[in-house]
Amino acid sequence: KVFASLDEAGRRRLAQAARGERYGAGEPIVREGEVGESFYVIVKGKVRVEMDDGGTAKLLATLGEGMFFGEMAALMNQPRSATVTTASEVELLAFDRGPVAAILKDYPAFRETLSQVGVLRSEDTLAKLLSSDDEPVPEG
């Protein structure tokens, strides 16, 4: 759905900017605090999104096929806010900041959509970190 704000030419440009990556189960993809140069779309498999909560990893989300992560760090030149580790074997499409920047400039609605998702995730993360109960996080 996030790519719905792109027309066919925009989706084609984005597809040309993609590269495939594969990871085995239990492998880290990105680490909290590192510089983000890429964002990722999950083609196959699941990942766990965790944040350091005073020395303990707190599960924020489990993401599956068609979902994406890493967009704010990669697109806004911010440090990664969470560690993402594979929960199974995973196939991803990776999009580097440089090629995507031109697409975002030409498609402001796409940029706005990514920004809105980032804000919603930040609010959700804050709520989970402030939560005192450790209920399982639903898969998304």
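## Packing of helix 1 against helix 3

In this predicted model, helix 1 and helix 3 are roughly antiparallel to each other. Helix 1 spans residues 8–17 and helix 3 spans residues 97–106; the angle at which they pack is about 170°, and their axes lie 9 Å apart. The assignment as roughly antiparallel follows because angles over 145 degrees are placed in that class.

Helix 1 contributes Arg13, Leu14 and Ala17 to the contact, while helix 3 contributes Pro99, Val100, Ala102, Ile103 and Asp106. Sorted by class, the contact of helix 1 with helix 3 comprises 6 nonpolar and 2 charged residues, with no polar residues.

## The two faces of helix 3

The buried residues of helix 3 are Val100, Ile103 and Leu104. They occupy an arc of only 100° around the axis, and therefore lie on the same side of helix 3. An α-helix has 3.6 residues a turn, so residues three or four places apart point the same way.

Two of these buried residues, Val100 and Ile103, also appear among the residues of helix 3 that make the contact with helix 1. On the face of helix 3 that is turned away from the buried side, the exposed residues are Gly98 and Lys105.

## The four-stranded sheet

The model also contains an open sheet of 4 strands, arranged in the order 2-7-4-5 with antiparallel pairing. Strand 2 (28–30) and strand 5 (57–63) form the edges; each has a single partner strand, so one side of each is without a neighbour in the sheet. Direction ignored, neighbouring strands of this sheet are turned by 30° against each other on average.

The pairing of strand 4 (residues 47–52) with strand 5 is antiparallel and extends over 6 bridges. Within this pairing, Val49 has Ala61 of strand 5 as its bridge partner.

## The surroundings of Thr85

Thr85 belongs to strand 7, which covers residues 83–86. Its relative accessible area is 17%; Thr85 therefore counts as buried, the cut-off being under 20%.

When neighbours within four places in sequence are left aside, Thr85 is in contact with Gly26, Glu27, Pro28, Ile29, Val47 and Arg48. One of these residues, Val47, is separated from Thr85 by 38 residues in sequence, yet the C-alpha to C-alpha distance between Thr85 and Val47 is 5.5 Å. The contacts of Thr85 include Pro28 and Ile29, which fall within strand 2 (28–30), as well as Val47 and Arg48, which fall within strand 4 (residues 47–52). In the strand order 2-7-4-5, strand 7 stands between strand 2 and strand 4.

Technical notes:
Residues are numbered from 1 along each chain as its sequence is written. This is a predicted model: local features need pLDDT of at least 70, side-chain atom pairs count only at pLDDT 80 or more; totals for chains, interfaces and linings use all residues. Side-chain values use heavy atoms; hydrogens and water are left out. Axes are lines fitted to C-alpha atoms, for helices over the stretch in contact, and angles run from 0 to 180 degrees between N-to-C directions. Angles under 35 degrees count as roughly parallel, over 145 as roughly antiparallel, 65 to 115 as roughly perpendicular and the rest as oblique. Contact means heavy atoms within 4.5 Å. Ala, Val, Leu, Ile, Met, Phe, Trp, Tyr, Cys and Pro count as nonpolar, Asp, Glu, Lys and Arg as charged, and the others, Gly among them, as polar. Two strands pair if DSSP finds at least two bridges between them. Buried means under 20% relative accessible area, exposed over 50%, partly exposed in between (1.4 Å probe, protein chains only). The arc is that of the directions from the helix axis to the C-beta atoms.
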